[in-house]
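Q: I'm new to this structure and would love a close look at a single part of it, taken slowly. Please start from one small spot in the chain and work outwards to whatever surrounds it.

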Amino acid sequence: GINAEYGLKAKDDQYVKDLKKQAEDIDLIIERMNAQVKNLQKAYREELTKIDQAFESERLELLENQRAEWEGLMSQRSNKEVENLKESEQRVDDFAAQLQHLRVQDAEEYNMVKIKLETDVQVLEQQLQAMRATYQLNSEKLDYNFQVLKKRDEENTITKSQQKRKITRLQDTLNNLKSKFAKQEAHYRDENQQLADVYKRITDQFKELQKKSKHFQATDTKKFIDVWVMNEEEAMELAKKVMDEDSIVHCQQLGLDWSVPETAKVLEGEGRPLLAGEPPKQASTSSLKSARAAVEDVMRAASEAGSGQLEFSRSTMGGEGKGHKFSPVLIKSVLELLCAEADFLVEKKLVHLLAPLEHDERLLMKLDSIFKAIGVETEDDINRLTEYFLATVEDNPDQANLIHPNEVLKAIRLFVADSVSPNKVTTHKPAVEFDSTAPARDSGNDAGYWQALANILPKSHELKWDALLEGLQKYHGVLAQRAKLIEDTDKLQNQNSELRMLLQQYIGSRVNQDLQIPPNHTIPSEVLRDYAIDS
């Protein structure tokens, strides 16, 4: 009991020393950060001063160039004004000469017009005399026409009385037609009411038919979207498998650096046509990383940072929840713990294949298999998984450590249960409601989108696959031939052993002692040495 108390007290003292050392390290880090910030401010201030000086020199040079250009333009303008003044004087002289010429020409034309007008006056006087004679003749004709019109007026008076009697008869006919019109109007009014009722009934039937049409249109649209999403998910899954296999071919088989090709942008939704009722995509300021890319970044950052303290303060996270970043060292420790305790999720055959690889590469390949099994796809999923691997310290609730390895399986079950919870929002199937007023979707890009999914592997990668397939087939042929040769060699070795035993028995037989020339005297000594036969 006393040793336990001494041990506990020693542990407490060690813990206090560790806390003091940690506080001193933090103060040292803060002091270095402040010094680095001051240096950066000084460097930025010097750089700003240089920029101002360069800007001022450029401004003076630009003003000098503009002033020279302005003086050149003013000189050109002065020369142009002198030229215009000379041209104006020349035009004044030309116009004066033309004006004098026109005066002379107009005087000649005036005399000619005067003579012509005097001649026209004489002609018009002659025509006036002729018109007076014509007037006298027309006056006599008008008197005659007046008498004729007077006679016609008397005849029109008689015709007018006759027309009055005819109007009376027509008035009676009009009254009869009005009575007939009233009857026809009542008849057509009733007919119009009947047609209005028929129109209303047909309109109601049309609205009902339109309602059914919208319902069937919405149903067809929903079926189209369901089929689209189902095929898209299947195509996306196959495309992702192709990308994973392409990465394995480049990294493991060919030993080349692999990066996501430009044709794989379609997996991120680029060029995807909008479905009916689906809102347009908004430009986002940040894109979600895939789980593999996030793990590679974490491994790289952890290697650069070195091994650090696994303990961390929850208060520095700015609150709990999805989307919070953890230190790369902590995430790497969580992933290593996951690989160590959840290796049963990795196929045994894959474990044997990964054995020759380095530790980081082997860790990445195992994590790919484990992530597929538990449904981790993005960087946010990794951050959320990390929270399940943290245990709160009893003495200090604000501090947390990694959970015990025996609790890893329980943490994985909780993560998977929360991931497949009905309350979890899925992003694969968009919730689309059909809107009859919405414009028809543009299906012009559908063929291009599906073609992009079908041709997600670049032509250069396909050629590498073909070359690798051809090389592996040749390598397989060489291995098969080698296996056959090894089998033939084993058979020859077995036959050689049997022949050696027979020869040993033949030479060592006691019958040879009775012979005058034993067989071992006829066999060369080199053969006997090769077969290790004693003469």
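A: Beyond its neighbours within four places in sequence, Ser 290 touches Glu 377, Thr 378 and Glu 379. Keep in mind as we go that this is a predicted model. One of those partners, Thr 378, is 88 residues away along the sequence, yet the two C-alpha atoms are 4.5 Å apart in space. Ser 290 itself belongs to the loop between H1 and helix H2, which covers 291-305. Is Ser 290 buried, exposed or in between? Its relative accessible area is 37%, and a value that is neither under 20% nor over 50% counts as partly exposed, so Ser 290 is partly exposed.

Now follow the chain around the partners of Ser 290. One of them, Glu 379, is also where helix H6 begins, since H6 runs over residues 379-388. A little earlier in the sequence lies Gly 375, just after H5, with a positive phi of about 85°. H5 is the helix of residues 359-374.

How does the length of H5 compare with what its residue count predicts? With 16 residues at 1.5 Å each, H5 should span 22 Å, and the C-alpha atoms at its ends are indeed 22 Å apart, so the two agree. A good share of its side chains are tucked away: the buried residues of H5 are Leu 363, Leu 364, Met 365, Lys 366, Leu 367, Ser 369, Ile 370, Phe 371 and Ile 374. If you look for a rhythm in such a list, it helps to know that an α-helix has 3.6 residues a turn, so residues three or four places apart point the same way.

The next helix to meet is H3, which packs against both H5 and H6. H3 covers residues 328-341. Its 14 residues should span 20 Å at 1.5 Å a residue, and the distance between its end C-alpha atoms, 20 Å, agrees. Of those 14 residues, 10 are buried, so H3 is largely enclosed by the rest of the structure. The buried ones are Val 329, Leu 330, Ile 331, Lys 332, Ser 333, Val 334, Leu 335, Leu 337, Leu 338 and Cys 339.

Take the pairing of H3 with H5. Their axes lie 10 Å apart, at an angle of about 70°. An angle from 65 to 115 degrees counts as roughly perpendicular, which is why H3 is described as roughly perpendicular to H5. On the H3 side, Leu 335, Glu 336, Leu 338 and Cys 339 make the contact, and they meet His 359, Leu 363, Lys 366, Leu 367, Ile 370 and Phe 371 of H5. Sorted by class, this contact holds seven nonpolar residues, one polar and two charged.

The pairing of H3 with H6 has axes that come within 10 Å and cross at roughly 75°. H3 and H6 are therefore roughly perpendicular too. Here Ile 331, Val 334 and Leu 338 of H3 face Ile 382, Asn 383, Leu 385 and Thr 386 of H6. Five of the residues in this contact are nonpolar and two are polar, with no charged ones. Leu 338 is worth finding on your screen: it takes part in the contact with H5 and in the contact with H6, and it is buried.

Finally, step back to the whole chain. It has 11 helices and three strands. Of its 535 residues, 17% count as buried. Among contacts between residues at least 6 apart in sequence, 74% join residues at least 24 apart. The approach of Ser 290 to Thr 378, with their positions 88 residues apart in sequence, is the example we started from.

How values were computed: Residues are numbered from 1 along each chain as its sequence is written. This is a predicted model: local features need pLDDT of at least 70, side-chain atom pairs count only at pLDDT 80 or more; totals for chains, interfaces and linings use all residues. Side-chain values use heavy atoms; hydrogens and water are left out. Helices (H or I, at least four residues) and strands (E, at least two) are DSSP runs, numbered from the N terminus. The expected span of a helix is 1.5 Å times one less than its number of residues. Buried means under 20% relative accessible area, exposed over 50%, partly exposed in between (1.4 Å probe, protein chains only). Axes are lines fitted to C-alpha atoms, for helices over the stretch in contact, and angles run from 0 to 180 degrees between N-to-C directions. Angles under 35 degrees count as roughly parallel, over 145 as roughly antiparallel, 65 to 115 as roughly perpendicular and the rest as oblique. Contact means heavy atoms within 4.5 Å. Ala, Val, Leu, Ile, Met, Phe, Trp, Tyr, Cys and Pro count as nonpolar, Asp, Glu, Lys and Arg as charged, and the others, Gly among them, as polar.
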